[in-house]
Amino acid sequence: MTKSFSFTSHANVAFAMLLLFFIMSTASQAQLSSTFYDQTCPNALATIKSSISKAVSRESRMAASLMRLHFHDCFGCDASLLLNDSASIVSEKNAFQNRGSARGFEVIDDAKAQVEKICPGVVSCADILAVAARDASVAVSGPSWTVKLGRRDATRASQAQAESDLPQFTDSLDRLISRFGDRGLSPRDLVALSGAHTIGQAQCFTFRDRIYNNGSDIDSNFATTRRRRCPAAAPNGNTNLAPLDLVTPNSFDYNYFKNLVQKKGLLESDQVLFSGGSTDSIVSEYSSKPATFRSDFGIAMIKMGDVSPLTGSAGEIRRICTALN
């Protein structure tokens, strides 16, 4: 009888602990809210928007760069991407998906500095990245969405994990669907988020193989045009840039999807979205329904922003985005 009572008591205690853990986890996630800074830093969003708008007005390409920073950080959403190398940090900036192509860090640093002036130690770098992506989209006539806030900043970074997790320009459709699925994002989210390639540019080495060796799945005139600034022999012209959308490279619209239908996707990882596979129908839909794309893009950005954020007492609020406190 005594043993039976003891077992039951331990079981009750274990259940109570599990319930407490669940409640704490739920409460932590609930801290992400669009009104998170309304009391502690009411002018934070306006300050970030001003900084981002100025940066994009100076260089329209910066809009794409800032959105890409948020995307590459948000396979974690914790500003780990912003950390520089140090005695304890191997920076994710060194990951091959980021090295020499991730840019706009100075814009995030400036936005953070402006926010620190009015609310020191309150607004996280992770949240600034999320807000900057939304404001960058709006600055080039793209969609807006409600950004949930309350993320905290990572105290570690992992170049190896970044290289393992982040999509690559040579990924197959199945690989892309798998990578996004691992983060709770659907194939529709994948296609919508890829639509961010309606702005921005890519370096020659990322599309060389496609324009020289992908005969049946690329428009021949498009390939010829792109070869003009991308020599066949590497490393010649490796860093030469080409717009991801040849038609309207600085405007956030739906021409990206029209390009895919016409076999004019610049990157292999773009064209696989419309190449006889399961996402063809989504691309076709977006190519004729821009309002649907814009709506889905905003929804997907919100979902992506929910990927593994640090909340509550986890992590820290960095004073400078590039270094731990």
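This report covers the pockets, one helix, one loop residue and the disulfides of a predicted model.

## Largest pocket

The largest pocket has a volume of about 970 Å³. Its lining is made up of 40 residues, and those closest to the pocket centre are Arg68, His72, His197, Leu244 and Leu267. Several elements give two or more residues each to this lining: helices H3, H7, H8, H9 (204-213), H12 and H14 (290-305), together with strand E1 (201-203).

H3 gives the most to the lining of the largest pocket, with six residues. Sorted by class, the lining of the largest pocket holds 21 nonpolar residues, 14 polar residues and five charged residues.

## Second largest pocket

The volume of the second largest pocket is about 230 Å³. It is lined by 16 residues, of which Phe75, Gly76, Ser80, Glu92 and Gln161 are the closest to the pocket centre.

H3 and H6 each contribute at least two residues to the lining of the second largest pocket. The largest share is that of H6, with three residues. The classes in this lining are five nonpolar, six polar and five charged residues. H3 therefore appears in the linings of both pockets, with six residues in the largest pocket and at least two in the second largest pocket.

## Helix H7 and its packing

Helix H7 spans residues 173-181, and its buried residues are Leu173, Leu176, Arg179 and Phe180. These residues lie on the same side of H7, because they cover an arc of only 125° around the axis. An α-helix has 3.6 residues a turn, so residues three or four places apart point the same way.

Four helices pack against the buried residues of H7: H3 (62-73), H6 (159-165), H8 (187-194) and H12 (268-271). H7 is also one of the elements that give two or more residues to the lining of the largest pocket, as are H3, H8 and H12.

## Asn94 in the loop after H3

Asn94 sits in the loop between H3 and helix H4 (105-118). The relative accessible area of Asn94 is 24%, so this residue counts as partly exposed.

Leaving aside residues up to four places away in sequence, Asn94 touches Asp85, Arg99, Gln159 and Glu163. The C-alpha atoms of Asn94 and Asn84 are 9.3 Å apart, and the two residues are ten residues apart in sequence.

## Disulfides

The model has four disulfides by the rule applied here. With the bonded cysteines numbered in sequence order, the pairing is 1-4, 2-3, 5-8, 6-7.

One disulfide joins Cys74 to Cys77, with an S to S distance of 1.8 Å. The torsion about this S-S bond is about 105°, so the disulfide of Cys74 and Cys77 is right-handed. Cys74 is buried, at 1% relative accessibility, and Cys77 is buried with a relative accessible area of 1%.

## Disulfides between distant parts of the sequence

The sulfur atoms of Cys125 and Cys321 are 2.1 Å apart and form a disulfide. Here the torsion about the S-S bond is about -100°, so the disulfide of Cys125 and Cys321 is left-handed. Cys125 belongs to helix H5 (residues 125-139) and Cys321 to the segment after H14, so the pair ties together parts that are 196 residues apart in sequence. Cys125 is buried with a relative accessible area of 0%, and Cys321 is buried with a relative accessible area of 1%.

Cys204 and Cys230 are also joined by a disulfide, with an S to S distance of 1.9 Å. The torsion about the S-S bond of Cys204 and Cys230 is about 75°, so this disulfide is right-handed. Cys204 lies in H9, whereas Cys230 lies in the loop between helix H10 (220-227) and strand E2 (241-243), so the pair ties together parts that are 26 residues apart in sequence. Cys204 and Cys230 are both buried.

Methods: Residues numbered from 1 in each chain as written. Predicted model: local features only at pLDDT ≥ 70, side-chain atom pairs only at ≥ 80, totals over all residues. Heavy atoms only, no water. Buried < 20%, exposed > 50% of the residue type's maximum accessible area, 1.4 Å probe, protein only. Arc of directions from axis to C-beta. Contact = heavy atoms within 4.5 Å. 1 Å grid on protein atoms, 1.4 Å probe; cavity = no way out; pocket = protein on both sides within 12 Å on 5 of 7 lines; lining within 4 Å. Points joined across faces, edges and corners; volume = space filled by probe spheres on them. Nonpolar A, V, L, I, M, F, W, Y, C, P; charged D, E, K, R; others polar. Disulfide = S-S within 2.5 Å.
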